[in-house]
Every structure is written in structure tokens, then in C-alpha cells.
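Colleague: Please take one part of this model and look at it closely. I would like a connected account.

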Amino acid sequence: MVAETIALSTALHLARETGVTLHICRISSAAGVEMIREAKREGLSVTCDVSMNHVHLTEMDIGYFDANCHLVPPLRSMRDRAGLRAGLLDGTIDAICSNHSPVDDDAKQLPFGEAEYGATGLELLLRWC
């Protein structure tokens, strides 16, 4: 989560200084949602999206290191998921994306830390529903 908030802080600071329109892809933490919310309150031209996996799943769904849940950004806590959902409800988050990033089966049949990042968005979600 720290990597997300540091990168987000940098991007928002640059947007403030330059006046550009900024879109943040795949926000995944409650802290990130709050940073976007504050930037919008300040009048910054910023939008963001969240993957449907992060709206529905948490780090608990990794279970015993299920490589199918080895994602970028990683799945977060239940608190983060609640923050993402709140951000969707209040309009802070502008879009939900599939984050469809298919990975060959062989690349997912490895230990969690060695497996490739990614998932077929719909298949991963349907697996957990």
C-alpha cells in the first residue's frame, strides 16, 4: 500500500503544479481513495478506476497462496475493500474495469511468489462468486 500512496502523492503533486488532467489506473487502497477524494475537493482534474477484483476480493481470498490471486496491484485488506466500495458510492472512483490480464496456465501452476501476476478478470471473479 505504501508504494501506491507514494506514487499517487507524486502524481497528484505534479498535477497540482502543472494543471494537467490526470487519470489514475487501478486504485487499490482506502488511503489512495482518500487522496483522490481530497484532490477532487481541491478542484484538481483527476479521475481514477478500480478493478472489479479489488471491489469483490481481499487478501483473505489468496488463501493458501492461490497463484490465481497473484495480482498487480495486490489484493488488499477488508478495510481497503470497504474504502474502495465507499469511493464508488460517493463518486470518488469514476470507473470499474475488468483488469483482464490473462496468464498462461503454466505460469500460474508455480508457487505463489514465482507465478506471473495477472488473471483473466471474469474467470477469477466467477471462481469466487
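**Helix α1 and the sheet**

Modeller: This is a predicted model. Start with helix α1, residues 2–18, which lies across β1 and β2 and runs at about 170° to β1. The helix has 17 residues. From first C-alpha to last, α1 reaches 24 Å, close to the 24 Å expected at 1.5 Å a residue.

Now its faces. Buried in α1 are E4, T5, L8, L12 and A15. These residues sit on the same side of α1 because they cover an arc of only 90° around the axis. An α-helix has 3.6 residues a turn, so residues three or four places apart point the same way. The cover over the buried residues of α1 includes β1, α2 and β2. V2, A3, I6, E17 and T18 lie on the other side of α1 and are exposed. Just after the helix, G19 takes a positive phi of about 80°.

Next, what α1 lies across. The sheet is open, with three strands in the order β1-β2-β3 and parallel pairing. Its edge strands are β1 (22–24) and β3 (95–97), each pairing on one side only. On average, neighbouring strands are turned by 25° against each other, direction ignored. Three bridges join β1 to β2 (residues 46–51) in the parallel sense. In this pairing, H23 stands opposite T47 in β2.

Finally, helix α2. This helix, residues 30–41, also lies across β1 and β2. Its run is at about 155° to β2. So α2 appears twice: across those strands, and in the cover over the buried residues of α1.

Technical notes. Residues are numbered from 1 along each chain as its sequence is written. This is a predicted model: local features need pLDDT of at least 70, side-chain atom pairs count only at pLDDT 80 or more; totals for chains, interfaces and linings use all residues. Side-chain values use heavy atoms; hydrogens and water are left out. Two strands pair if DSSP finds at least two bridges between them. Helices (H or I, at least four residues) and strands (E, at least two) are DSSP runs, numbered from the N terminus. Axes are lines fitted to C-alpha atoms, for helices over the stretch in contact, and angles run from 0 to 180 degrees between N-to-C directions. Contact means heavy atoms within 4.5 Å. The expected span of a helix is 1.5 Å times one less than its number of residues. Buried means under 20% relative accessible area, exposed over 50%, partly exposed in between (1.4 Å probe, protein chains only). The arc is that of the directions from the helix axis to the C-beta atoms.
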